[in-house]
Each structure stands twice: as structure tokens, then as C-alpha cells.
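Trainee: Please take a close look at the aromatic side chains in this model. I would like the ring contacts in one connected account, with a word on the pocket and the cysteines after that.

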Amino acid sequence: ESENQSSQVKRIINSWRTQLANDSAWEAVEASTKPQDAGEVMDLASSRTLRQAWALFQFNFLELSQRQLTELSAEQITSVAAHLFRGFWHNHTEDYGNAIYHLTRTLEQQSDTLPALGLRAWLLNQMGLKKKSAKDLEIGCQLSPNNLFLLCMQERIATINGDSEAANRIEGLCQEYPNEAFAQYMAGWICSYLQRPEQSIRAHLRAIQLNPSMALVYNELGNDLFGLGNNKESLIAFNEAVRLAPDWALAYYNRGVFFEQNGYNEQAIEDYTNACRFNTTDASPPYNRGNIYMSQKEMEKARTSYQEAVQRNPYHANAQLNLGNVYLQQDEVKKAIVQYKKVLEIDPSHKMALNNLGSCYLQLHDAEEALRNFDKAIQHHPDDAQLLINKMTILKELGRQEEMMELLLKLSTMNRK
């Protein structure tokens with residue numbers, strides 16, 4: 001009796017992380033999983049394996065829940081419940097393209113699946129497809145005007161779209177549903193988005209009182225506390241998020257940011273590495289890890305991290321830039337040039353890429369090409385003193401004294417201002 005129902009479930013799951021065939025354990029898990037919107041769909045699933053996967057997902061065991069899907073038959077893997085599960089799973093792991101795909105497949109088979117409509121509406125809105133998002137919400141609310149999940153998603157989307165009254169409406173939902181942790185969590189999320197951290201913290205604490213096993217609430221709470229400078233309390237919240245969701249990349253990533261900004265580089269590297277392990281598409285964890293290695297002059301490790309980042313997201317301009325910087329530090333000038341040109345394909349006015357490209361050509365004794373790149377940089381950033389100084393250096397080397405003196409006069413005028 002000293003353990004609440006949720007902690008009993010976690011203890012059971014932890015005991016069977018490597019052995020998944022214990023019937024009594026699964027019965028306890030299924031009995032303790034409170035049916036919610038998506039949970040009600042899962043309860044109707046004919047596959048016991050799929051119900052087990054959903055139970056594991058509910059208790060934040062992402063890898064184990066995904067592993068369960070390999071046990072499904074070809075018919076089961078294409079069922080409504082399987083597609084819905086995979087939609088929620090991919091959303092949680094920030095693979096939004098696959099999330100939308102599986103939610104759409106869910107709705108193709110069963111158009112009145114409310115959680116699929118609500119979650120897809122959110123994702124479509126995030127992609128800028130606001131009309132399609134609004135259509136999903138309209139259909140869902142017509143089917144079930146009082147569905148809490150849909151109502152919360154509606155206010156979350158309204159907040160993103162600039163409706164300042166959404167915070168008041170979500171507070172009304174919290175009063176109408178005082179025992180629903182999800183409503184409190186969503187109120188906290190909206191207040192955090194609107195930069196009202198004190199209100200957000202209060203809402204998240206209410207959510208924790210109602211359901212102490214929601215890792216996403218602790219994650220948001222940690223961010224709020226960190227933003228207010230409450231480092232000790234913030235770390236407690238981040239630690240709890242990681243404890244509750246040991247396979248969740250975002251929990252590790254946010255704690256890694258906390259550690260990095262507080263100077264705990266080794267702990268940050270460990271968290272970023274775990275985030276890389278559990279999310280194989282996000283470029284931010286390897287990029288941040290590369291920045292730490294770069295600051296520690298561990299160039300080979302920085303190089304590997306930045307290479308992983310640009311492989312995950314070739315359009316991450318700063319990762320491409322820093323990989324070029326590593327190549328330059330390692331005297332691989334031609335490789336650095338390739339990287340800086342990739343940055344300029346993404347952002348033609350990128351100051352550091354243009355500046356560093358000019359420096360590369362200067363090292364290769366191609367002063368004219370170096371000058372062309374510094375001119376491009378100055379065209380976009382005409383009042384940047386360092387760019388003007390760099391151009392003066394090349395003009396001096398080329399013997400173009402008159403142009404150099406003009407730049408010197410401009411710098412002198414800028415300094416007086």
C-alpha cells in the first residue's frame with residue numbers, strides 16, 4: 001500500500017525490461033493504464049501485443065514499445081490501432097512526417113478517430129497548413145463537442161496562431177475538468193509559450209499533483225524554472241523527466257542544455273549522446289556536442305559530431321559552418337571551402353561563411369578570390385568593422401593603397417560615431 005498504482009506499474013515493467021512474456025506483469029500494466037482518448041482505441045485492439053506496446057508507451061518505455069511492433073502480423077500492423085499508436089509514437093520522438101503519415105492512415109480507415117484528428121490538426125498547423133488543420137478540428141468537434149483532448153489541442157493551436165484569449169479559455173477548461181492532468185499540462189504549455197513562466201509553473205505543478213508520472217510535464221517545468229534562474233529546482237525537474245522517460249531524447253537534450261550552460265560539459269556531452277541515440281534525425285544534439293568539443297579543442301571529436309549533424313540535417317547552416325571551421329583548424333583548407341560554400345547555398349548573406357571563405361582563399365594565395373568574398377560580405381554587412389579590416393589587409397597585399405585609405409577613413413568615421 002506504500003506504492004501508488006503508477007509506481008507499481010513502473011516497478012513491474014522495470015523487472016521485465018528484457019523478458020516480455022510474463023502474463024501477470026502485463027495484466028497489471030493493462031489494468032493500471034487509465035483509458036484516455038487514444039487509450040480507448042487501444043483497448044479495442046484485437047492484438048494483445050499492441051495493447052502491451054501502448055501500455056509501455058504510456059509509461060515512457062519508447063524502445064520497448066517500438067520493439068513490440070515487430071511481433072505484430074502483417075494484418076495487425078496495418079490496423080487502425082497500430083497506425084494510431086505509430087502516429088503518437090513518431091510525434092513523441094519528433095519524427096513528424098511519419099507521425100502525419102500514420103495518423104492519416106488511421107483516419108483513412110476510421111474517419112471518426114478523435115485523437116488522430118486532434119494530433120494531426122496540431123502537426124498540420126505547425127507545418128503551416130492552417131486550413132487543413134482547422135478542418136480536422138472542425139470534424140472532431142462536430143463528432144464530439146466536449147472531447148477534452150480536442151478542446152485542448154484547439155486552444156494550443158489558437159495560441160500558436162496568435163489568439164491571446166486562448167490562455168483564458170484553457171483556464172476555463174481546467175476549472176471545468178479540475179481532475180484532468182492533461183488540461184493542466186496544456187494550460188502550462190500555453191502560459192510558457194506566452195512567456196508567463198510563473199503561471200506555467202503553477203499549472204505544471206497542478207498537473208504533477210494529479211499525475212506524477214507525466215515526464216513531459218517535468219520537462220516543461222524544468223525549462224520554466226531554468227528560464228527564471230532556479231537552477232537547483234530546474235535540475236530536479238529535468239532529472240525526474242529523464243527518470244520517468246529513460247528512452248526520450250528531448251528529456252536528455254534539455255538537461256544537456258542545462259548542463260552546458262552551467263559549465264558541466266562532461267554531463268552535457270553524455271546527455272547529448274543519449275539524445276542522439278534515442279532520436280536519430282534531430283541535428284541539434286550532435287551540433288551542441290560538437291560545440292563543446294570545439295571549445296575544448298578536441299577537434300577530431302568535434303569533426304565527428306558536426307558530420308553527424310549535417311548528415312541529419314544538411315540545411316543546418318551553423319553545423320555546416322562549424323564543420324568548415326574544424327577543417328580550417330586541421331589545415332584542410334579545400335574541405336573548409338566546400339563547407340563554407342554549402343553554408344552560402346543555404347544563406348547567401350551568411351557573414352561568417354563569406355568571411356571565412358575569404359580567409360581560405362587568402363591562405364591559398366588567391367587574393368583576388370579572397371577579395372571577392374570579402375566584398376560580398378561587406379555588401380550584406382556594410383558596417384562590420386572586422387570585415388572592413390580584413391578587406392584592408394588584402395588591398396594592402398595587392399598594393400591598392402588608394403582603396404585601402406578609403407576604407408581606413410570609413411573605419412575612422414565609424415569609430416567616432
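Mentor: What follows goes from the rings to the pocket and then to the cysteines. Keep in mind that the model is predicted.

Start with the rings. The count comes to twelve aromatic pairs. One of them joins Phe259 and Tyr264: the ring centres are 6.2 Å apart and the planes stand at 80°, so this pair is edge-to-face. The two partners differ in exposure. Phe259 has 11% relative accessibility, so it counts as buried. Tyr264 is at 43% and therefore counts as partly exposed. Both belong to a cluster linked by ring pairs, with Phe226, Phe238 and Phe258 as the other members.

Next, a charge over rings. Arg156 lies over the face of Trp122, 4.0 Å from the ring centre. Arg156 also lies over the face of Trp189, at 4.3 Å from that ring centre.

Now the pocket. The second largest pocket holds about 200 Å³ of space. Twelve residues line it, and those closest to its centre are Trp89, Thr93, Phe278, Asn279 and Thr280. Helix H5 (62-69), helix H7 (80-92) and helix H18 (265-278) each give two or more residues to this lining. By class, the lining has three nonpolar, five polar and four charged residues.

Last, the cysteines. The structure has zero disulfides. For Cys152, the nearest cysteine sulfur belongs to Cys174 and is 7.1 Å away. A disulfide needs the two sulfur atoms within 2.5 Å, so Cys152 is in none. Cys152 has 0% relative accessibility and so counts as buried. Cys360, at 0%, counts as buried too.

How values were computed. Residues are numbered from 1 along each chain as its sequence is written. This is a predicted model: local features need pLDDT of at least 70, side-chain atom pairs count only at pLDDT 80 or more; totals for chains, interfaces and linings use all residues. Side-chain values use heavy atoms; hydrogens and water are left out. Buried means under 20% relative accessible area, exposed over 50%, partly exposed in between (1.4 Å probe, protein chains only). On a 1 Å grid over the protein atoms alone, a cavity is a set of points where a 1.4 Å probe fits but cannot get out, and a pocket is an open set with protein on both sides within 12 Å along at least five of seven lines; lining residues have an atom within 4 Å of a point. Grid points are joined across faces, edges and corners, and a volume is the space filled by probe spheres set on the points. Helices (H or I, at least four residues) and strands (E, at least two) are DSSP runs, numbered from the N terminus. Ala, Val, Leu, Ile, Met, Phe, Trp, Tyr, Cys and Pro count as nonpolar, Asp, Glu, Lys and Arg as charged, and the others, Gly among them, as polar. Rings of Phe, Tyr and Trp (its six-membered ring) pair if their centres lie within 6.5 Å; planes under 30 degrees apart count as stacked, over 60 as edge-to-face and the rest as tilted. A charge sits over a ring if NZ of Lys or CZ of Arg is within 6 Å of the ring centre and within 35 degrees of the ring normal.
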